[in-house]
Amino acid sequence: PELHRMLVDMFGVHLHSKELRSLFSTFDDDGSGELDLLETLKLIHKFRSSTVSKKLEEDLKMCKHLFAKHDKDGSGVLDKRELQGIMLDIGMRPKTREEQAEWQKILQGVDQEFPGPWNFAKFMRFHDMVKHKRESEAIEAEERLCAEMELSAQDLEELRQTFQMYDRSNRGLDVHAVREIVRVS
């Protein structure tokens, strides 16, 4: 039951008892009937690796879909209008001159790294840069709010770890996860 709860909490994995026993025996290297720390870490590593791999696969699939959706002529290259459509789809709506300049800088950076037409590889680099920018902005916003709330960096890190543990879909907490957190607290 404890192993099953850990897998559910950390990775959103639900296993039947037969699958759980099989998994347990796979990682119980010494056959003791219990997982020591090293065996538990090996189990966590396996699931983390597969979770990361799934995220990358989902991200690539989403990017391929987005690219194909906007590559209206099927040429494998985005023209300016098609690229603008993608930018709108991913929520890039710069309102101020500062925001416009920031996005222009990202586009120019991609153009310098990948001269030539906007093919899928160039789009993927753009997507990575946008993703990194948004992650950085989210971290800065979290840090500002924690400072306002007078929470320490350690408090923030603990909150992030708790959030990640309950964010099984990697898209944010659903009502069930919030209910579980409130119940545990």
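# Helices and salt bridges in a predicted model

Biologist: At 21% relative accessibility, does Arg 160 count as buried or as partly exposed, or what else would it be called?
Modeller: This is a predicted model, and its values are computed from the predicted atoms. A residue is buried under 20% and exposed over 50%, with partly exposed in between. The 21% of Arg 160 falls in the middle class, so the residue counts as partly exposed.

Biologist: With which residue does Arg 160 form a salt bridge?
Modeller: The closest N and O atoms of the pair are 4.0 Å apart. The partner is partly exposed, with a relative accessible area of 37%. It lies 3 residues from Arg 160 in helix H7 (residues 153-166), so about one helical turn separates the two. The partner of Arg 160 is Glu 157.

Biologist: How many salt bridges does a search of the whole structure find?
Modeller: The pair of Arg 160 and Glu 157 is a salt bridge, and so is the pair of Lys 131 and Asp 59. Searching the whole structure gives a total of 9.

Biologist: How many residues apart in sequence are the parts that Lys 131 and Asp 59 tie together?
Modeller: The side chains of Lys 131 and Asp 59 meet in a salt bridge, with a distance of 3.2 Å from N to O. Lys 131 lies in helix H6 and Asp 59 in helix H3 (residues 37-70), so the pair joins parts whose separation in sequence is 72 residues.

Biologist: Is Asp 59 buried or exposed?
Modeller: Its partner Lys 131 has 37% relative accessibility and counts as partly exposed. The relative accessible area of Asp 59 is 17%. The cut-off for the buried class is under 20%, so Asp 59 is buried.

Biologist: Which helix holds the residue that forms a salt bridge with Lys 133?
Modeller: Lys 133 forms a salt bridge with Glu 102, and their closest N and O atoms are 2.4 Å apart. The pair ties together parts that are 31 residues apart in sequence, because Lys 133 lies in helix H6 and Glu 102 lies in helix H5.

Biologist: Which residue is linked with Glu 102 and Lys 133 in a network of salt bridges?
Modeller: Lys 133, in helix H6 (residues 120-148), is buried at 12% relative accessibility. Glu 102 is partly exposed at 34%. The third member of their network is Glu 137.

Biologist: Besides Glu 102 and Trp 103, which residue does Lys 133 touch, not counting residues up to four places away in sequence?
Modeller: A touch here requires heavy atoms within 4.5 Å. With residues up to four places away in sequence left out, the list for Lys 133 holds Glu 102, Trp 103 and one further name, Ile 106.

Biologist: To which residue's backbone nitrogen does a side-chain oxygen of Asp 79 reach at the start of H4?
Modeller: Helix H4 covers residues 80-89, and its buried residues are Glu 82, Leu 83, Gly 85, Ile 86 and Met 87. After the helix comes Gly 91, with a positive phi near 85 degrees. At the start of H4, the oxygen of Asp 79 comes to within 3.0 Å of the backbone nitrogen of Arg 81.

Biologist: What percentage of the residues of the protein chain count as buried?
Modeller: The protein chain has 8 helices and 0 strands. Its accessible surface comes to about 13400 Å², and 55% of this belongs to carbon and sulfur atoms. Of its 185 residues, the share that counts as buried is 27%.

Definitions and conventions:
Residues numbered from 1 in each chain as written. Predicted model: local features only at pLDDT ≥ 70, side-chain atom pairs only at ≥ 80, totals over all residues. Heavy atoms only, no water. Buried < 20%, exposed > 50% of the residue type's maximum accessible area, 1.4 Å probe, protein only. Helix = DSSP H or I, 4+ residues; strand = E, 2+ residues; numbered from the N terminus. Polar contact = N/O pair within 3.5 Å; in protein donor to acceptor, adjacent residues only side chain to side chain. Areas by Shrake-Rupley, 256 points an atom, 1.4 Å probe, with all protein chains shown as cover.
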